[in-house]
Amino acid sequence: MLIKNAKLLDGRIVNIKIEGEKITCIGKCTGDDVIDAEKKLVIPPYFNMHFHLDSAFTQVKNKSGTLWEGIRIWQEIRSKLTEEEVYRNATTAVKLMVAYGTLWIRTHVDVTEKSLKLLRAIKRVKEDFKEIADIQITAFPQDGIYADKGNDEVLRKAVEEGADNVGLIPHNEITREDGVKSIKFAFEVAKEYNKDVDGHIDETDDPNSRFLEVLARETINNSWEWRVTAGHVTAMHSWDPAYRFRILPVVAKAGITVVPNPLINAVLQGRLEGYPKRRGNAPIKEMISSGVNVALGHDCIMDPWYPLGAGNMLQVLFMAIHLDQLTGDEIYNSLDLITYNSAKAWRLKDYGIKEGAEANILITEAEDMIDLLRFMDPPRFVIRKGKVIAKNGKMIFYKGKWEEVKRKPISY
Ligand code: FE2
């Protein structure tokens, strides 16, 4: 395959030659099977570093709009959901994400649902999509590891049954002590099974929630650097600047990737206050300038925590840009938040538009970064391992044939 007239992020117009699954030439290459990129931006595909496939499309109205009411609603929903419903909803969500250019998805699956039907459904999704997307499953103890007897053992069982990462939610444990204990337990399981740790950390407006420091301590103690992710960390927004100044370099030293989820947390946080109202987003610029690796997550589509969501990571980036006021040159570097920074956390080596890399490419509709973010169009072509697998956000090549992408599950 030859992509001609491709505009790279540095502004060069080049041809890109793909042989098999690899990019073999960038420049004045020639070849057959030509796609004309028409001088539009050609970029590497996106990552969604934090998502909940098991709750997608289970939307029920959350009156207070808080995380806590969302959790209560979810506890009722999850007991009624069948494995088939979860499978149907999750496949719809993954197809949308792939059509919008996301090829790596890290999903949490609630394993405080003790029958593990949610895990079984999402394991099937992971398997069914393996030709067009890489999905990692995090065993996520939504209610807390010590909130209910036996949650610790179910978490361990979920990892034994194929979860890729160990999850935790220390701020939802009953006491600070339980929260600290849950972090130690997560590392114990992660080390026992050689897994990464992927936590929900400090997702609250409460400035006293400081589990990120414990996570950093345990990461360093266990030599688990670059194997740990902290999702949300919205309390960071409310921490005293002097505390952030001290702790962020430690987080950077521990190689922890922090994953803000700006769509959902802009909706969930600050619900208990009037105006002026705090915005619930971990400060991205401050983290980056302290050397912390930052990547973004979409978190939810139409579930008890977030009523919207299209599976488009550009919407996530757009929201992050607004909440953290990324302007000027920052806007041009912001694409790293859904591409290269995530690839680092995923430990992908041959990622990017370069000779010798795996041929994973988005041919966009945009002339430059500004237009990419102004219009947030789906890519014209999504290419994975040298093959076109999605077109215009509308068609996807799934299980050997082309099909139309649905915006909601069929029987929704
Ligand atoms: Fe989450």
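## Salt bridges and one helix: worked exercises

Glu127 and Lys130 make a salt bridge (a side-chain nitrogen of Lys or Arg within 4 Å of a carboxyl oxygen of Asp or Glu), and their closest N and O atoms sit 2.7 Å apart. Keep in mind that this is a predicted model, where local features need pLDDT of at least 70, side-chain atom pairs count only at pLDDT 80 or more, and totals for chains, interfaces and linings use all residues. Residues are numbered from 1 along each chain as its sequence is written, and side-chain values use heavy atoms, with hydrogens and water left out.

**Exercise 1.** Work out how accessible Glu127 and Lys130 are.

*Solution.* Start with the classes: buried means under 20% relative accessible area, exposed over 50%, and partly exposed in between (1.4 Å probe, protein chains only). Glu127 comes out at 45%, so call it partly exposed. Lys130, at 44%, is partly exposed too.

**Exercise 2.** Find which parts of the chain the Arg124 and Glu84 salt bridge links.

*Solution.* First, check the pair: the N to O distance is 2.9 Å. Next, place the partners, using DSSP runs numbered from the N terminus (helices are H or I, at least four residues; strands are E, at least two). Arg124 belongs to helix H3 (residues 117-128) and Glu84 to helix H2 (residues 83-99), 40 residues apart. Then look at exposure: Arg124 has 29% relative accessible area and Glu84 has 48%, so both land in the partly exposed class.

**Exercise 3.** Do the same for Lys95 and Glu403.

*Solution.* The side chains meet at 2.8 Å, N to O. Lys95 is in helix H2, while Glu403 is in strand E18 (residues 401-404), 308 residues apart. Lys95 is buried at 15%, whereas Glu403 is partly exposed at 23%.

**Exercise 4.** Compare the span of helix H5 with its expected value.

*Solution.* H5 covers residues 176-193, which is 18 residues. The expected span is 1.5 Å times one less than the number of residues, giving 26 Å here. From first C-alpha to last, the helix reaches 26 Å, close to that expectation. Just after H5 comes Asn194, with a positive phi near 55°.

**Exercise 5.** Which residues of H5 are buried, and what covers them?

*Solution.* The buried ones are Asp178, Gly179, Ser182, Ile183, Phe185, Ala186, Phe187, Val189 and Ala190. Their cover, by contact (heavy atoms within 4.5 Å), includes helix H4 (151-160), strand E9 (165-166), strand E10 (196-201), helix H6 (211-221) and strand E11 (228-232).
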